[in-house]
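Thanks for making time this morning; I would like to walk you through one model, moving from a pair of strands outward to the packing around them. Please have the view open as I talk.

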Amino acid sequence: MHIKKYDTNFSRRRFMENTLKGVGAAGVLAPLWPLIANAGDVSKAYPDELLSIEMYTKGKVKPGDIITADNVEHVKELLDPIAYMHVKEMGRRIHIVEPVKDVSRIFPTEYLEATLRNQGKAVIGKDGNVYTKSGEPWIGGTPFPEPKNGVEAQYNLTLSWGRHDYSQYAVRDWDIDSSGDLSYQYDFVWTELNTTARTDGTVWKDKKDLLRYQSVFFTAPNDSAGTSFLNIWDYDQRKFPELHGYIPAFRRVRQFPTNQRFEPLVPGITLFLSDAWAAGDPLQTWGNYKIVGRQPMLGAIGSRNFHGGYHDNWEKPVHGGPKDQTFFDTYMELVPECIVVEAEPTGYARAPVGKKRVWIDARNQMYVAYVVYDRRGEMWKSFEPHYAMQDNDKMTRNDGSHPAWSWSSVHSHDIQSNRMSRFVQAKSVTGGYQSGYDPGDVDVFNKFLTIQAMQRLGG
């Protein structure tokens, strides 16, 4: 007879104690981050019940099973409330897979190396921004691998969204209406260029006063092609980004007000600028950050979520909803510990958002679930990411000399209007633009990240 030394109640008690005490170090049996630094295997930090979905559910769910309305109650506490609703009421299915044990497979390699190299060097200054101990802008990687509070946890998301110094995502989006019909389909390109907080430890073009340039431009369909937006982020997280947009019908660039961060980019889509990486606004334009819990979760973080080699454009099968096309097939695994953070948009007097709740994987400090509430306190939207190391038995896509790690798809669901935007990081989209992380010899700044570029792309 196998006698368990630790059970799920032990883990729950430890998570509750750590939350109440404000303990930053993750892990139940041992501190997590020293294990990551030494070997990359976190199994010694958690009891078996947090490393095995079969043990956690007492045999009711195991890898290879599919979560449906018939068995979702066994994992209800491991899903955000909107994902649970998807399964219980809308016909969604979630495939359960073995969890990743090698933590190096849930980071871009250079980002993990920068995190290890710079561990312990980050401080929050009197102005609320992150600096090195010598007072310089952050030099790359996760600044607070063991966050002691909600602000530190949120900074881990804010300073480097995609965790590459440059990212270019070719995105194909489908917008499903409340009847389950496809109402819009868009192709767009999303680019991010960090000037500081870079994994290479440099400051791009000596722009120490900035954090990033970010643009999004639509390439299809024809009536939306050319619509583009440019965000220029100050390093100072108390300042609002400059937001410029080009609308082809007006044939000019205009500057948008800050509260336009909470509106759809184009008709029918549920993606807001504020949603990006659960950190789409400067950190100090939100407030009342607090860690409200720690818990295991189901998260879509494994290689099975990369469909390169199985589909020419890396797209995914769909299912569920009224017309069987609302959800992507997704593969989730047990994440042993998530930090649950809440915050409110204190810098936006007219924001329709009342608060957000973010579930952050304690191992790589990346969010696995994100839910927004309206000003009445009612659930409004979920933004569910699916990540993957981009290798499988069909192909490997490299980022430099290592397999690439990134997001592969997203469900963005406005439950109040029951509109779902689901989009993938595709191989390419209309216009021939491709996803990638190495600009090579291309002058991506002048090509994609200036006002002049917006006009040229829109023309």
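Let me begin with a single cross-strand pair: Val189 stands opposite Phe217 in β7. Keep in mind throughout that this is a predicted model. The pair belongs to a longer register, in that strand β6, residues 182-194, and β7 run antiparallel to one another over eight bridges. On β7 itself, which spans residues 210-220, 11 of its 11 residues are buried. The next pairing is that of β7 with β8, again in the antiparallel sense, over seven bridges, and there Val216 has Phe229 of β8 as its bridge partner.

Staying on β8, residues 228-234, we come to Asn231. Is this residue buried or exposed? Asn231 is buried, because its relative accessible area is 1%, and the cut-off for buried is under 20%. The side chain of Asn231 makes a polar contact with that of Arg261, at 3.0 Å, and beyond its sequence neighbours Asn231 also touches, among others, Arg212, Tyr213 and Gln214.

Now to the wider packing. The largest nonpolar core holds 112 residues, and Phe188, Trp190 and Trp277 are among those with the most contacts inside it. Strand β14, residues 330-344, supplies the largest share of this core, eight residues, while domain 1 (10-108) and domain 2 (150-458) each contribute at least three. Trp190, setting aside neighbours within four places in sequence, is in contact with residues including Trp161, Gln214, Val216 and Leu273. Finally, there is a second, separate core of 21 residues, which includes Tyr166, Val424, Val429 and Phe445.

Definitions and conventions. Residues are numbered from 1 along each chain as its sequence is written. This is a predicted model: local features need pLDDT of at least 70, side-chain atom pairs count only at pLDDT 80 or more; totals for chains, interfaces and linings use all residues. Side-chain values use heavy atoms; hydrogens and water are left out. Helices (H or I, at least four residues) and strands (E, at least two) are DSSP runs, numbered from the N terminus. Buried means under 20% relative accessible area, exposed over 50%, partly exposed in between (1.4 Å probe, protein chains only). A polar contact is a pair of N or O atoms within 3.5 Å; within protein, one must be able to donate a hydrogen and the other to accept it, and residues adjacent in sequence count only if both atoms are side-chain atoms. Contact means heavy atoms within 4.5 Å. Two strands pair if DSSP finds at least two bridges between them. A nonpolar core is a set of buried Ala, Val, Leu, Ile, Met, Phe, Trp, Tyr and Cys residues joined through side-chain atoms within 4.5 Å. Domain bounds come from an automatic or database domain assignment.
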